Structure formats: C-alpha cells, structure tokens
Amino acid sequence: MHNGGVPEEIEREERLRVSAAAACRHLAAWWELNARDLPWRFGRTTPWGVMVSEVMSQQTQMSRVVPYWESWMAVWPDAAALAVASTVEVITAWGRLGYPRRALRLQECARVVAEEYSNELPHTYEELVALPGVGDYTASAVLSFAFGERVAVIDTNIRRVLSRVFLGVESRGGAASRAERELAGRVLPEEMPERDASGSSVIWNQAVMELGATVCTAKAPQCGDCPLRGECAFLAAGLPGLGERRTRPRQRFQGTDRQVRGIILNALRQAAAQAARGVADGRLETGAPGAVPRSQIEQLWPDHVQLDACIASLDEDGLLDMLPDGSLRLPQ
C-alpha cells in the first residue's frame, strides 16, 4: 500500500495514463505541422498501396522508397495487376531497395489477395498475417494506417520512443519484449473521433513512428525540438545509456554475401534491360535473352567460392535462373 492506502500499482498506472494523454495531445499538434508528405499518407492511396509501402520500407529509408513506390504503383496499382506480372519485371522494378526476396513475396501476397479476396485486402489481423510475407508489424500497420483500426503498431522507432518517454530507459533493439508490447497497448489512445480526431490511435501510431525516425533518433536525439520533452522520463533522467549498443551488432556490408548477391542481381537486371531494349529496337540476341554468360559472372567477384554460394542462394530464393550453359538470367 502507498500514499494513504492507494495501491502503488494503481498509482503508477494513473501516472502513466495522465502522461500518455499529455503526450498524445502534444504529439498530435507536432504531427500536424511536421509530418513528412509521403505519397501513401493522408488517404491518398488504397489499402494495397499502404501494404506496398510497408513492405518496401522494411529496413529501408523512406527517402529511398518514395521513387520506387511511385513507379511501382504506376505500373501495378492493385494486387491483381502485380499478380500477373513476370518475375523479371518484378525483380527489375525492385531495383536497389535491398532484400529482393521481399519483391517475390509481395507478388505471392498479391496473387492470394487477387484470387481469394477479390482483389481487396482482408480487414482482420488473422487474415493479414496469413498472407505470404506479412508478419505482425505489417499486419498491424495496414490495419491502423489503411483501415483506421485501433491497434498498437510496434517497430524499432516506436519501441525506442515509448521506452524512453514512459520507462526512462534506452531500447536496445532485438525482438520486442512482452513488456514493450504491453506498454504500447496501455498508452494507445482510446478512439474519440466525434470529439477530437487528433487523439486517434492512427495519428498516434504514425506520429510516434515519425518522431523516432526524425527527432528521437537512436544515437543523436534532438531533445530540444521534441514535443514530448516535458513528459520524457529518459530526458529527465539524463539520457542514461544513450545509444547503447544493440543486443545484436549491426552487420558490416562490405564483403558480405548480401553485397555479392546485390552485385549479381544488378548485372542480371542490366542484362534484362538491355534485352528489352533490343526487342523494342527489333534486334535479336543470340542465346537466351537477358542471360549473362558464366565468363562475365566470374568477373563480378574475385572469391569464386563465395560467388558460387551466393548464386546458389539466389537460385534457391527464386531470384535467378541457372541455364544449362552456365549463364544466368532473371526468372522469366
């Protein structure tokens, strides 16, 4: 018992409720003035467009995503359009977004949506997470951002902001803990659209994520510009453990299999684009169209053991075709 007979747990919960309500008001005002004008925001795209943006944005900066998203949606505006695209078109359009397996999974998702849901994204969490390539975060983000459902969205940026503001400790990354998920649910605003649309859970989710991406960053938070500085327990405590190393160190890129896979795919994309131009100009290639000879492949990377391992992994992921003469091309 504490404070005249009021249980300490109830007192803590009340303080959290008051702090979350204040944070919601301040963050909504900040969002209205500072939200980045991304093309899939503010009701300017379909639920499928939101899905595409979320898949593209995984482990990729928003600034890199925008031109790819715009080009992608111009060609394949809905699931049905993407479902019938060729694999070579899909991988080529994915360009340098990274983790190209996401592109094929997105097309698999499109086929299910087109065939089983009449080209309309399903509206329930259970149906969304059952789609190819859709996990907890993507399903929750689509429910919130596309359908306006009251659901906690949890990504790295949101976890960092909530942990700092309400717990006063640094978020170290790794998988979301049970405590972090419970906190996200406890501070999620109740819906009161008829009284104050700025207090909606949709704006809250978007604004917390935006704050983590632009202000409450991992290593150099701009606390002086933060709308939550008055509620932030982390700031009040003196930023303890700021930028503390993640539980899993960031992987270097130079020399990794990921780099080699990207080099191989880039060569195959260039060959596919050259073959397409040749067809448009009425020129015919000798051999398989868009194929890169083995001799050229071997010039892409000096470590041929690593090169062969990466080719095998790309083949296993369905990202290239290995032809009988040893040449490679994007799947047709």
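## The largest cavity

Helices α9 and α12 (233–236) each supply at least two residues of the lining of the largest cavity. The model that shows this is predicted. The largest cavity holds about 120 Å³ of space. It is lined by 14 residues, and the closest to its centre are C216, P221, C223, C226 and C232.

How many cavities of 30 Å³ or more does a search of the whole structure find? The count is three.

## D155, before helix α9

Helix α9 covers residues 156–167, and D155 sits in the loop between α8 (136–145) and α9. Is D155 buried or exposed? D155 is buried. This residue has no salt bridge. R160 carries the nearest side chain of opposite charge, and that side chain is 7.6 Å away. A salt bridge needs the charged atoms within 4 Å, so R160 does not make one with D155.

What does the side chain of D155 reach instead? One partner is the backbone nitrogen of N157, at 3.2 Å. Another is the backbone nitrogen of I158, which lies 2.8 Å from a polar atom of the D155 side chain. Now set aside residues up to four places away in sequence. D155 then touches Y137 and M209.

## R269, in helix α13

R269 belongs to helix α13, which runs over residues 257–280. R269 is buried, yet it has no salt bridge. Which residue has the nearest side chain of opposite charge to R269? That residue is D317, and its side chain is 12 Å away.

R269 still has company. Neighbours within four places in sequence are left out here. The contacts of R269 are then I91, T92, G95, P100 and L330.

## R294, in helix α14

Helix α14 spans residues 294–297, and R294 is part of it. Why does R294 count as partly exposed? Its relative accessibility is 24%. Buried means under 20%, and exposed means over 50%. R294 falls in between, so it is called partly exposed.

How far apart are R294 and G326 in sequence and in space? They are 32 residues apart in sequence. In space, C-alpha to C-alpha, the two are 5.3 Å apart. G326 is also one of the contacts of R294, once neighbours within four places in sequence are left aside. The others are D308, I311 and S327.

Technical notes. Residues numbered from 1 in each chain as written. Predicted model: local features only at pLDDT ≥ 70, side-chain atom pairs only at ≥ 80, totals over all residues. Heavy atoms only, no water. Helix = DSSP H or I, 4+ residues; strand = E, 2+ residues; numbered from the N terminus. Buried < 20%, exposed > 50% of the residue type's maximum accessible area, 1.4 Å probe, protein only. Lys, Arg positive; Asp, Glu negative; His and termini not counted. Polar contact = N/O pair within 3.5 Å; in protein donor to acceptor, adjacent residues only side chain to side chain. Contact = heavy atoms within 4.5 Å. 1 Å grid on protein atoms, 1.4 Å probe; cavity = no way out; pocket = protein on both sides within 12 Å on 5 of 7 lines; lining within 4 Å. Points joined across faces, edges and corners; volume = space filled by probe spheres on them.
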